[in-house]
Structure formats: structure tokens, C-alpha cells
Amino acid sequence: MVQVAVGILLIDQKVLLCQRKATARYGLQWEFPGGKVEPGESPEACVCRELFEELSINPYSIEFFHRDQHVYPDAGAFDVFYYKVPSYCGTIVNNCFEAVEWVPLVRLHTFNILEGNRSAISALLSAHAAN
């Protein structure tokens, strides 16, 4: 099973979504930024590395939020660690996606979300509805 670490940038009731390139597997679907944990790397270190590689930002802090396993029939099994990123330094630069967009939580349901990220979105919406 492949381990993946993902960052949920959530600021002022908006979350950052990233759209996969049209040529990628599951092209043009929306996801949270992140990627595969490298050998010897912790999920925490991975999410920080991926945020820098993909968006040119460094989190000030991260908070474990959710963990889920998902199987894609054509891509294998993934163990995904989700971390909230309440603040960061740097300016977001789109280094690898078709698009990046700050989306109000109330509009998340209107996006074509990557299947593996849907449980985290449900957990996120539930957590914020309780507040």
C-alpha cells in the first residue's frame, strides 16, 4: 500500500483545491495538494516537502486531521494522511497543476473531486458544521 500525505489549506472558510493536469490519470479532477511518502520520510515531512514542491510554500505548522485508505482499480491502494495547514509562509505558485483555486466550503460539492479525497471532504464539512 502506497502512503500519501496531503495538505488541507483552510483559511477563512475557504480551502485550496488543485486541479490535476488534463493529461494526468483522473485528469481535471480536483484534489488537495500532496504526494507519495518517500522511503525513510515521515508523512509530516512529506506534506511539507510536497507543499513546497507543488506550491512554493512552507507551512508554519500542520495538524493531523484525517486518515483514510482508498483503492483505485487501475492504480492500486493508498493510505492517505490528511493534515490541516492553518498558516504558511510564501506566496502560492502553481508549479504543477492545471489550476489552483480557493473554494468556499459551501461550494465544495460543486467540484469534481478525486474519489480518494471525498471522505476527507466529508470529514471537513462535518467538522465545520459542528462549529
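**Warm-up: Tyr 83**

Is Tyr 83 buried or exposed? Keep in mind that you're looking at a predicted model.

*Solution.* Start with the relative accessible area of Tyr 83, which is 2%. Buried means under 20%. So Tyr 83 counts as buried.

**Exercise 1: the face of a helix**

Look at helix α2 and work out where its buried residues sit around the axis.

*Solution.*
- Step one: find the helix. α2 covers residues 118–129, 12 residues in total. From first C-alpha to last, α2 reaches 16 Å, close to the 16 Å expected at 1.5 Å a residue.
- Step two: pick out the buried residues of α2, which are Ala 120, Ile 121 and Leu 124.
- Step three: look down the axis. The buried residues of α2 fall within an arc of 100 degrees, so they line one face of the helix. Here's the general idea behind that: an α-helix has 3.6 residues a turn, so residues three or four places apart point the same way.
- Step four: check the face turned away from the buried side. There you'll find Ser 126 and Ala 129, both exposed.
- Step five: ask what the buried residues of α2 pack against. Their partners are the strands β1 (2–11), β2 (14–19), β5 (58–72) and β6 (76–89).

**Exercise 2: a loop with unusual phi angles**

Go to the loop between β1 and β2, and describe Asp 12 and Gln 13.

*Solution.*
- Take the backbone of Asp 12 to begin with. Its phi is positive, about 55 degrees, even though Asp 12 is not a glycine.
- Now Gln 13: here too phi is positive, about 65 degrees, and Gln 13 isn't a glycine either.
- Then turn to accessibility. Asp 12 has 71% relative accessibility, so it counts as exposed. Gln 13 has a relative accessible area of 47%, which makes Gln 13 partly exposed.

**Exercise 3: ring against ring**

Count the aromatic pairs, then classify the pair made by Phe 32 and Tyr 82.

*Solution.*
- With ring centres required to lie within 6.5 Å, the count comes to 5 aromatic pairs.
- For Phe 32 and Tyr 82, the centres are 6.3 Å apart and the planes stand at 85 degrees, so this pair is edge-to-face.
- Next, place the two rings. Phe 32 is in the loop between β3 (30–31) and β4 (34–36), while Tyr 82 is in strand β6, so the pair ties together parts that are 50 residues apart in sequence. Both Phe 32 and Tyr 82 are buried.
- Try Phe 64 and Tyr 83 as well. They're edge-to-face, 5.8 Å centre to centre with 75 degrees between the planes. This pair links strand β5, home of Phe 64, to strand β6, home of Tyr 83, across 19 residues.
- Finally, there's an aromatic cluster to spot: Tyr 26, Tyr 72 and Phe 78.

**Exercise 4: into the core**

Describe the largest nonpolar core and say which element gives the most to it.

*Solution.*
- The largest nonpolar core has 21 residues. Those with the most contacts inside it are Val 15, Leu 17, Phe 32, Tyr 82, Leu 108 and Leu 124.
- At least two residues come from each of β1, β2, β6 and α2. The top contributor is β1, with 4 residues.
- Zoom in on Val 15. Leaving aside neighbours within four places in sequence, its contacts include Ile 8, Phe 32, Trp 102, Leu 108 and Leu 124.
- Don't stop there: a second, separate core has 15 residues, among them Ala 5, Cys 18, Val 47 and Phe 97.

Key
Residues numbered from 1 in each chain as written. Predicted model: local features only at pLDDT ≥ 70, side-chain atom pairs only at ≥ 80, totals over all residues. Heavy atoms only, no water. Expected span 1.5 Å × (residues − 1). Buried < 20%, exposed > 50% of the residue type's maximum accessible area, 1.4 Å probe, protein only. Arc of directions from axis to C-beta. Contact = heavy atoms within 4.5 Å. Phe/Tyr/Trp six-rings, centres within 6.5 Å; stacked < 30°, edge-to-face > 60°. Core = buried A, V, L, I, M, F, W, Y, C linked by side-chain atoms within 4.5 Å.
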